[in-house]
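Here are my notes on the model you shared, set out point by point. I hope they are handy to have beside you at the bench.

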Amino acid sequence: MAAVDAALNRRLLPDLVDLAARRPRAGKVEFDRALRLVDGRSESFPETCMRLGLRAAGLEVEPQAFVEGIGRVDLLVEGFLVVEVDGFRYHADRRAFSEDRRRDRTAQLLGHPFLRFTYDDAVWATGRSAHEVRLAVDAYVRRRRIGV
């Protein structure tokens with residue numbers, strides 16, 4: 001799935017309509033199921049892993065969503081919770097570290113819950129990470145219901 005996401009993202013494969021038209025004769029059901037999960041907006045392997053884990057947990061996920069005041073976020077869950085998946089390579093220098101902190105603060109000030117996960121969290125502990133996101137979504141919804 002991550003390979004297809006990446007190929008679509010980099011325009012190495014045609015769009016989903018063209019891919020669907022190339023459905024094989026054998027394995028049509030599996031092909032169609034997989035095609036529904038593909039999303040070329042995912043920009044990395046761990047983002048794809050996290051997106052699929054969150055979807056498997058029954059959560060609505062939008063990859064590379066634009067959030068006013070914050071910018072583009074890796075994943076927007078249930079329309080309000082920001083999930084970032086950070087690989088060390090792209091988040092280790094001083095500028096990236098500072099920008100990540102700014103985005104965290106801005107999200108909090110704008111009322112967006114914000115969770116940050118590592119590559120290992122997204123790839124090797126996907127179930128646990130999805131469970132943590134589910135807990136955050138449920139807690140946020142509970143707080144909104146009681147007006148906190």
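1. In which strand is Gln-64 found? Gln-64 belongs to strand β1, which covers residues 61–67. Please keep in mind throughout that this is a predicted model. The backbone at Gln-64 is worth a look, since phi there is near 50 degrees, a positive value in a residue other than glycine. Gln-64 has a relative accessible area of 13% and is therefore buried, the limit being under 20%.

2. A second residue with a positive phi is Glu-78, where the angle is near 55 degrees, again in a residue other than glycine. Glu-78 sits in a loop, with β2 (71–77) on one side and β3 (81–86) on the other. Its relative accessibility is 30%, so Glu-78 counts as partly exposed.

3. Now for the overall layout. The protein contains eight helices and four strands. Read from the N terminus, the order of elements is α-α-α-α-β-β-β-α-α-β-α-α. The C-alpha trace spans about 55 × 40 × 30 Å along its principal axes.

4. A few totals may help you set the scene. The protein has 148 residues, and 39% of them count as buried. Taking contacts between residues at least 6 apart in sequence, 51% join residues that are at least 24 apart. The accessible surface amounts to about 9200 Å², and carbon and sulfur atoms account for 55% of it.

5. On charge, the protein carries 26 positive and 23 negative charges, and the mean positions of these two sets are 2 Å apart. Side chains of opposite charge can pair when their charged atoms come close. How many salt bridges does the count come to? The count is eleven, and the next points go through some of the pairs.

6. Let me start with Arg-103 and Glu-84, a salt bridge whose closest N and O atoms are 3.2 Å apart. This pair links distant parts of the chain, with Arg-103 in helix α6 (residues 94–109) and Glu-84 in strand β3, 19 residues apart. Are the two partners buried or exposed? Both Arg-103 and Glu-84 are buried.

7. Asp-100 makes a salt bridge with Arg-116, and here the closest N and O atoms are 3.7 Å apart. Asp-100 is in helix α6 while Arg-116 is in strand β4 (residues 114–118), so this salt bridge ties together parts that lie 16 residues apart in sequence. The two ends have their own surroundings: Asp-100, at 6% relative accessibility, counts as buried, whereas Arg-116 has a relative accessible area of 23% and is partly exposed.

8. Within helix α6 you will also find a salt bridge between Asp-104 and Arg-101, with the closest N and O atoms 3.9 Å apart. These residues are three apart in helix α6, so about one helical turn separates them. Arg-101 is partly exposed, as its relative accessible area is 26%. Which residues are joined into one network by salt bridges that share partners? They are Asp-86, Asp-100, Arg-101, Asp-104 and Arg-116.

9. Turning to the surface, you can pick out a nonpolar patch of about 380 Å², made by Phe-45, Tyr-119 and Trp-124. One of these residues, Tyr-119, lies in helix α7, which covers residues 119–124. Tyr-119 has a relative accessibility of 34%, so it counts as partly exposed.

10. Phe-45 comes up again at the N-terminal helix. Setting aside neighbours within four places in sequence, Ala-2 is in contact with Phe-45 and Thr-48. Ala-2 itself lies in helix α1 (residues 2–9). With a relative accessible area of 18%, Ala-2 is buried, because buried means under 20%.

11. Lastly, here is a distance you may like to check in your viewer. How far apart in space are Ala-2 and Arg-145, C-alpha to C-alpha? The answer is 37 Å, for two residues that are 143 residues apart in sequence.

Definitions and conventions: Residues numbered from 1 in each chain as written. Predicted model: local features only at pLDDT ≥ 70, side-chain atom pairs only at ≥ 80, totals over all residues. Heavy atoms only, no water. Helix = DSSP H or I, 4+ residues; strand = E, 2+ residues; numbered from the N terminus. Buried < 20%, exposed > 50% of the residue type's maximum accessible area, 1.4 Å probe, protein only. Contact = heavy atoms within 4.5 Å. Areas by Shrake-Rupley, 256 points an atom, 1.4 Å probe, with all protein chains shown as cover. Lys, Arg positive; Asp, Glu negative; His and termini not counted. Charge placed at Lys NZ, Arg CZ, Asp CG, Glu CD. Patch = residues over 30% accessible without salt bridge, like charges linked within 9 Å, V, L, I, M, F, W, Y side chains within 5 Å. Salt bridge = Lys/Arg side-chain N within 4 Å of Asp/Glu carboxyl O.
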